[in-house]
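Trainee: Hey, I'm new to this one. Can you walk me through it?
Mentor: Sure, have a look at it first and then we'll talk.

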Amino acid sequence: MAQTVGGLIRSAMRKIGVLAAGEPLPPNEGDDAKETFTQMVDAWSLESLLIPVVSVVTKELIIGVSEYTIGVYPGVTIPDSHIETARPEKIIAAFIRDAYDTDYPLEVIDVKTFSRISRKTNSSRPSRFYNRKGWPLNTILFESLPYTDETLHLEVIQPLSVYLSTASLTDVVNLPPGYEQVLIYNLAIMLADEWGKQVSPAIATIAVEGKKRIKRANFRKLVLGMDRAVYSQQRAKGTYIISDGP
């Protein structure tokens, strides 16, 4: 889509009768509507299936350091153990790559599993980590201390604002096909009450169904997993039968 923030706002206002066909967007109303548009984009970041991009973030691990912060660092001097990027809403996959370009998968575990690890100071290549949510930074905690210089690779979902800037009415919106209509009709609903307008059933339906289509298009298939402790070791099969056990 090749549309500006101002163009989307103007289209949304036309849908609810604030502007007539061909009428330009008044600067003062445009600024007010841009604030509402920014709020909508911020709220959509909590719905990960509305975000069309899976970003790759890398970091050279430091020998003996098992904790790394990730996000936009609030201070001036960035620590060596910090990953400077937009704070991820979700980490969907991760691996460590060694000096020979061999990749070793990492398992993302929850806080209860992490807390059960009795010794977290062993020196080895980590195979699991816990992503502790925080603000403005998250913290990645490995189960062990990295023993050599290797590279962490993260596949992450970052806020929609990373890909959709609303700083100016002239900012170009560059998103995949299908987003323009969804943004316009959902923004029309957000603006209607502020401008004292009623939303037609057709606009409401298009807005809701449009978000559903986007989520279906962005659906990322989940792979069923299990703790490695319950794997069957018989002939290294590594299998598990749900009804019968290992």
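Mentor: Let's start with a term: a charge sits over a ring if NZ of Lys or CZ of Arg is within 6 Å of the ring centre and within 35 degrees of the ring normal. Keep in mind too that this is a predicted model.

Trainee: OK, so which ring does the charged end of R125 sit over?
Mentor: That's the ring of Y104, with the charged end of R125 3.8 Å from its centre. K120 does the same kind of thing: its charged end sits over the ring of F114, 4.9 Å from the centre.

Trainee: And rings with rings? How many aromatic pairs are there?
Mentor: The count comes to 3. Take Y68 and F142: their ring centres are 5.9 Å apart and the planes stand at 75°, which is over 60 degrees, so the pair counts as edge-to-face. This pair links distant parts of the chain, since Y68 is in strand β3 (residues 67-71) and F142 is in strand β9 (residues 137-142), 74 residues apart.

Trainee: Are those two buried or exposed?
Mentor: Both Y68 and F142 are buried. For F142 the relative accessible area is 1%, so it falls under the 20% cut-off for buried.

Trainee: What about F129 and F142, how do their rings meet?
Mentor: Edge-to-face again, because the planes are at 65°, with the centres 6.0 Å apart. F129 is in strand β8 (residues 128-132) and F142 in β9, 13 residues apart. F129 has a relative accessible area of 0%, so it is buried. Put together, Y68, F129 and F142 form one aromatic cluster.

Trainee: You keep naming strands. What's the order in the open sheet of 5 strands?
Mentor: It goes β4-β3-β9-β8-β7, with mixed pairing. The edges are β4 (82-84) and β7 (107-109); each has a single partner strand, so one side of each is left without a neighbour in the sheet. On average, neighbouring strands here are turned by 30° against each other, direction ignored.

Trainee: Which way do β3 and β4 run, parallel or antiparallel?
Mentor: Parallel, with 3 bridges joining them. You can spot G71 standing opposite E84 in β4.

Trainee: Switching topic: what does β2 pair with?
Mentor: Strand β2 (residues 55-60) is joined by 6 bridges to β10 (residues 151-157), and the two run antiparallel. T58, for instance, has H153 in β10 as its bridge partner. β2 has two faces: S55, V57 and K59 are on the covered one, while V56, T58 and E60 are on the uncovered one.

Trainee: And the nonpolar core? Which residues have the most contacts inside the largest one?
Mentor: Those are M13, F37, L164 and L183, in a core of 33 residues. The elements that give two or more residues to this core are α1, α2 (27-44), α4 (179-194) and α5 (201-217). α4 gives the most, with 9 residues. Apart from this core lies another, of 15 residues, including L61, I70, I96 and our friend Y68.

Trainee: Why would nonpolar side chains gather like that?
Mentor: In soluble globular proteins, nonpolar side chains tend to be buried together.

Trainee: Last one: where is S11?
Mentor: S11 is in helix α1 (residues 5-15). Its relative accessibility is 10%, so S11 counts as buried. Beyond its neighbours within four places in sequence, S11 is in contact with Q3 and I184.

Methods:
Residues are numbered from 1 along each chain as its sequence is written. This is a predicted model: local features need pLDDT of at least 70, side-chain atom pairs count only at pLDDT 80 or more; totals for chains, interfaces and linings use all residues. Side-chain values use heavy atoms; hydrogens and water are left out. Helices (H or I, at least four residues) and strands (E, at least two) are DSSP runs, numbered from the N terminus. Buried means under 20% relative accessible area, exposed over 50%, partly exposed in between (1.4 Å probe, protein chains only). Contact means heavy atoms within 4.5 Å. Two strands pair if DSSP finds at least two bridges between them. Rings of Phe, Tyr and Trp (its six-membered ring) pair if their centres lie within 6.5 Å; planes under 30 degrees apart count as stacked, over 60 as edge-to-face and the rest as tilted. Axes are lines fitted to C-alpha atoms, for helices over the stretch in contact, and angles run from 0 to 180 degrees between N-to-C directions. A nonpolar core is a set of buried Ala, Val, Leu, Ile, Met, Phe, Trp, Tyr and Cys residues joined through side-chain atoms within 4.5 Å.
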